[in-house]
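Trainee: Got a minute? I'd like to go through this one with you, a bit at a time.
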Amino acid sequence: MTSDISIDIAVIGGGIIGICAAALLTEAGRGVTVFDRTGICEETSSGNAAAFAFSDVLPLAHKGMIRQLPKWLADPLGPLTIPPAYLPKLLPWLFRFWRAGAGKHYEASLAAQVGMMKLAEAEWMGLLDRSGTKPMLREEGSLELYGSEAEFRASLSGWAARERFGIGFRHVEGEEMAALQPGLSSRFVKGTFVPSWKTVADPQLLGKAVWAYAERLGARFEHGRIDRAEAGADGATIVLADGTRRKARRLVIAAGAWSHLLARNLGDRIPLETERGYNTTLPASAFDVKRQLIFSGHGFVITPLQTGLRVGGAVELGGIERPPNFQRSKAMLEKAKRFLPGLDPSGGREWMGFRPSLPDSLPVIGAARAPNVFYAFGHGHLGLTQAAATGRLIRDLVLGQAPSLDLAPFRPQRF
């Protein structure tokens, strides 16, 4: 069945990337319809750690992480794990990931990420103002914590890299650290405070509020599961699971961890893998957390939200089909109890989401091989942070304007 509905710009994906792309395109006067199988900001974008991590510029494959991989992989509930049965499928991605940690690749990814973060901060601050969502922004900074002098020393090369790009921070200990977060376990010997770090009141509420702004400008939503996309000189066609088709002049694919499946039938093979992230959101009364606490040696964070206290993170490279392993969220909660004596672990709700990740830690933003199609996916754990910048870049591309950033490092064909 072919629908006679003609859409100006179709966006596949109602997560934060698709929402921001829709908002900026509607601001430019274009007609936008967003398609999603569940709703607006109902999947991965609903349960993230709520950070605008503009200073988080280190590629995932940085040297420190490569060194820790064997130790982490030996712990099935540690910061990073791979289910043994999934390892053979993952090997090509892991090889690319290992290569991305080499000197020249690392420096190129770092520079590209810094540029992306500068644009992301500027675009988010503007979008928050225009959409009336600025009250949802929190600017208390972050506190990264170290359980030993060795762990602290291992972090210094990463802080030196950030310092090269003007990112401010200060190392703290003793009374200063205790003042930044009262009630910490005495196991933590040092910390690093990043005053410019920002969070949001709740990522799902922010996403829905930005969408409401886009909707007021004329954006539309259509519920549907997308089977495939087709493209030609006269536009693109979306084929829904029920067999109906929607024609659009331009198509933006922002479907997160499922995006590479749609890209494949358009002629682009993109090595996307899935960082499955876990969390538990406790009642807000569980502990008085002053700002986002980062336990990098353990791969998780604790974030105070308007809607509760979120304990989550870690990486399970396990694809999109395996059932959740909520023992991972329980393991983080057990550590949180040790790190914050007095934390009440009761009444929490567990969650698992899919972070779409490329081996060089950079997203795919750019034109597909097929005409009239653009990609916006693969942001890993930085989707919320980089969403407004991605929306701006997609707007530039769709309107045929010079992009606000050099897109060469983000090209879909770089692999």
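Mentor: Sure, let's start with serine 186, which lies in the loop between helix 6 and strand 8. Helices (H or I, at least four residues) and strands (E, at least two) are DSSP runs, numbered from the N terminus. Keep in mind that this is a predicted model: local features need pLDDT of at least 70, side-chain atom pairs count only at pLDDT 80 or more, and totals for chains, interfaces and linings use all residues. Residues are numbered from 1 along each chain as its sequence is written, and side-chain values use heavy atoms, with hydrogens and water left out.

Trainee: Is serine 186 buried or exposed?

Mentor: Serine 186 counts as exposed, at 75% relative accessibility. The cut-offs are under 20% relative accessible area for buried, over 50% for exposed, and partly exposed in between (1.4 Å probe, protein chains only).

Trainee: And how far is serine 186 from proline 341 in space?

Mentor: C-alpha to C-alpha, they are 9.7 Å apart, with their positions 155 residues apart in sequence.

Trainee: Switching to rings, how many aromatic pairs are there?

Mentor: The count is 14 aromatic pairs. The rule takes rings of Phe, Tyr and Trp (its six-membered ring) with centres within 6.5 Å; planes under 30 degrees apart count as stacked, over 60 as edge-to-face and the rest as tilted. One of the pairs is tryptophan 159 with phenylalanine 169, tilted, at 4.9 Å centre to centre and 40° between the planes.

Trainee: Where do tryptophan 159 and phenylalanine 169 sit?

Mentor: Tryptophan 159 is in helix 5 (residues 149–164), and phenylalanine 169 is in the loop between helix 5 and strand 7 (170–172), 10 residues apart. Tryptophan 159 is buried, at 4% relative accessibility.

Trainee: What about phenylalanine 188 and phenylalanine 295, why is that pair called tilted?

Mentor: Because their planes are at 40°, with the ring centres 5.6 Å apart. Phenylalanine 188 lies in the loop between helix 6 (174–180) and strand 8 (190–194), while phenylalanine 295 is in strand 15 (residues 292–295), so the pair ties together parts 107 residues apart in sequence. Both of these phenylalanines are buried. Ring pairs also link Phe188, Phe295, Phe300 and Phe339 into a cluster.

Trainee: Which charged ends sit over tryptophan rings?

Mentor: The charged end of arginine 162 is over the ring of tryptophan 159, 4.1 Å from its centre. Arginine 37 has its charged end over the ring of tryptophan 258, 4.3 Å from the centre. The test is NZ of Lys or CZ of Arg within 6 Å of the ring centre and within 35 degrees of the ring normal.

Trainee: How many disulfides turn up?

Mentor: A search of the whole structure gives 0, where a disulfide is a pair of cysteine sulfur atoms within 2.5 Å.

Trainee: Why no bond for cysteine 41?

Mentor: Because the closest cysteine sulfur, in cysteine 20, is 9.3 Å from the sulfur of cysteine 41, too far for a bond. Cysteine 20 is buried at 0% relative accessibility, and cysteine 41 is buried too, with a relative accessible area of 1%.

Trainee: Zooming out, what does the protein chain have in helices and strands?

Mentor: There are 10 helices and 20 strands. The radius of gyration of the protein chain is 21 Å, close to the 22 Å that the globule rule gives for 415 residues, so the chain is as compact as a globular protein of that length. That radius is taken over C-alpha atoms, and the rule is 2.2 Å times the number of residues to the power 0.38.

Trainee: How much of the chain is buried?

Mentor: Buried residues make up 58% of the 415.
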